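Biologist: Before planning anything at the bench, I would like to go through this model with you, one question at a time.

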Amino acid sequence: MSALINSKLPRVGTTIFTRMSGLAQTHGALNLSQGFPDFSPPHRLAEALGEHAMRGHNQYAPMAGLPRLREAIAQQIKLHRNVAVNFDTEVTVVPGATESIFCAITAVVQPGDEVMVLDPVYDSYEPAIELAGGRAVHVPLVPGSFSIDWDRVKASIGPRTRLFMLNSPHNPCGSVISEADLDVLGDLAEEHDFLVCSDEVYEHLVYDGRKHCSVLTHPGLRTRSFAHFSFGKTLSVTGWKTGYCIAPPELTTELRKVHQYVAFVAVTPVQHALADFLEAEPMYPSNLAAEYQRRRDLFLSALSGSRFSWTPTAGSYFQLLDYSQISDEADTALSERWTQELGVASIPVSVFYETPPDQRVLRFCFAKSDDVLLEAAERLCAI
């Protein structure tokens, strides 16, 4: 049978997140690998889901999403970003940001096009690019700071550059871009006439007085960008797999052409519950950063006696720890060994690079209860 299969993704296997979570489950380890909270979402939100399912809201929603939810999303963008968007022509509700990113890439990338990605790059981007017939051009972020090296970006732009993949707050690194970064990107996009696909799912998790810089707030990028967001990350319901994409009408039209044949719709009672919650508690996202920063600081404070080194993450709910003073072992092997021997699961960062640099870094998720974070830190300090 295998002789009949010519894989379109020959280099792709099971994702690192699935592998490490599976390993954590097998060995009963504290799972600080996969990015999901271990605490409950807002009670009001969960209650609304059950209510709408029992009311009979269980059939297809409109393909672009419930109008009421899309209106609530537009109001959120106005409230938190001071940007006006048209809920009808610019907002699409999707079953997760990964799906909308796939649809955006599929919609605009033609065979032979080049798509610029910044290493370490989130693992769903390149498979989508390859399936569209495009080629990923990898540009490494600056080691240590994980900021964008614009000189290398400029040197990598070519006549076939069609799309730039932006991710801020960044997964797996936790770095965030600045308004100056957006200005440079906007100038390059206009000069070379390429589009931008912006992954902003951790938009509300930005720390230490920083602010999230969205392509939606930049006039030049607003007209040529897909911006992707996640209710799963914001409302601690990753299993609900619901997000949204905001793009100008021309790009939204193309995204919806693909979306309708990939998933068609997002889950109907979930959409009703989200609309209820956003209408009732529009300011809820404003409180997230302080709480997640508290969890980050608790974790790092508990690690103060360890041999790890770090820079506190600027955004997302991931913290990188440098273990170079502890071991020379490759991060892939070490993360598996520590999951089994220490009972703490993490993610090796090297798997997100085309050409991994010489660094010793693991990613830990701190979207966990205080007890789990403190126990994980105690085990890591014992190394």
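The exchange below takes up the sheets, then the helix contacts, then the cavities.

Modeller: This is a predicted model, in which local features need pLDDT of at least 70 and side-chain atom pairs count only at pLDDT 80 or more, while totals for chains, interfaces and linings use all residues. Residues are numbered from 1 along each chain as its sequence is written, and side-chain values use heavy atoms, with hydrogens and water left out.

Biologist: Which strands stand at the edges of the open sheet of 7 strands?

Modeller: Strands here are DSSP runs of E with at least two residues, helices are runs of H or I with at least four, and both are numbered from the N terminus; two strands pair if DSSP finds at least two bridges between them. The order of this sheet is β2-β8-β7-β6-β5-β3-β4, with mixed pairing. Each edge strand has a single partner, so one side of it is left without a neighbour in the sheet, and these strands are β2 (91–94) and β4 (135–140).

Biologist: Do β3 and β4 run parallel or antiparallel?

Modeller: In general, strands of a sheet pair through backbone hydrogen bonds, in either of the two directions. Asp 119 stands opposite Pro 140 in β4. Strand β3 (residues 114–119) is joined to β4 by 6 bridges, and the two run parallel.

Biologist: In the open sheet of 3 strands, what is the strand order?

Modeller: Strands β9 (318–322) and β11 (347–348) each have a single partner strand, so they stand at the edges. Strand β12 (residues 361–365) is joined to β11 by 2 bridges, and Ile 347 has Arg 363 of β12 as its bridge partner. The pairing is antiparallel, and the order is β9-β12-β11.

Biologist: At what angle do helix α4 and helix α10 pack?

Modeller: Axes are lines fitted to C-alpha atoms, for helices over the stretch in contact, and angles run from 0 to 180 degrees between N-to-C directions. The axes of α4 (residues 97–108) and α10 (residues 249–262) are 8 Å apart. The contact (heavy atoms within 4.5 Å) involves residues including Phe 102 and Cys 103 of α4 and Leu 255 and Val 258 of α10. The packing angle is about 115°.

Biologist: Which residues of α3 meet α11?

Modeller: The axes of α3 (residues 67–81) and α11 (residues 268–280) come within 9 Å and cross at roughly 40°. On the α11 side, the residues met include His 272, Leu 274 and Glu 279. The residues of α3 are Arg 68, Leu 69, Ala 72 and Gln 76.

Biologist: Which element gives the most to the lining of the largest cavity?

Modeller: A cavity is a set of points on a 1 Å grid over the protein atoms alone where a 1.4 Å probe fits but cannot get out, and lining residues have an atom within 4 Å of a point. The largest cavity has a volume of about 120 Å³, a volume being the space filled by probe spheres set on the points, which are joined across faces, edges and corners. Among its 14 lining residues, the closest to its centre are Gln 76, Glu 203, His 204, Phe 231 and Tyr 244. With 4 residues, the element that gives the most is α3.

Biologist: What is the volume of the second largest cavity?

Modeller: Its lining includes Leu 118, Tyr 122, Met 165 and His 170. Strand β5 (residues 161–167) gives the most to this lining, with 3 residues. The second largest cavity has a volume of about 40 Å³.

How values were computed: 1 Å grid on protein atoms, 1.4 Å probe; cavity = no way out; pocket = protein on both sides within 12 Å on 5 of 7 lines; lining within 4 Å.
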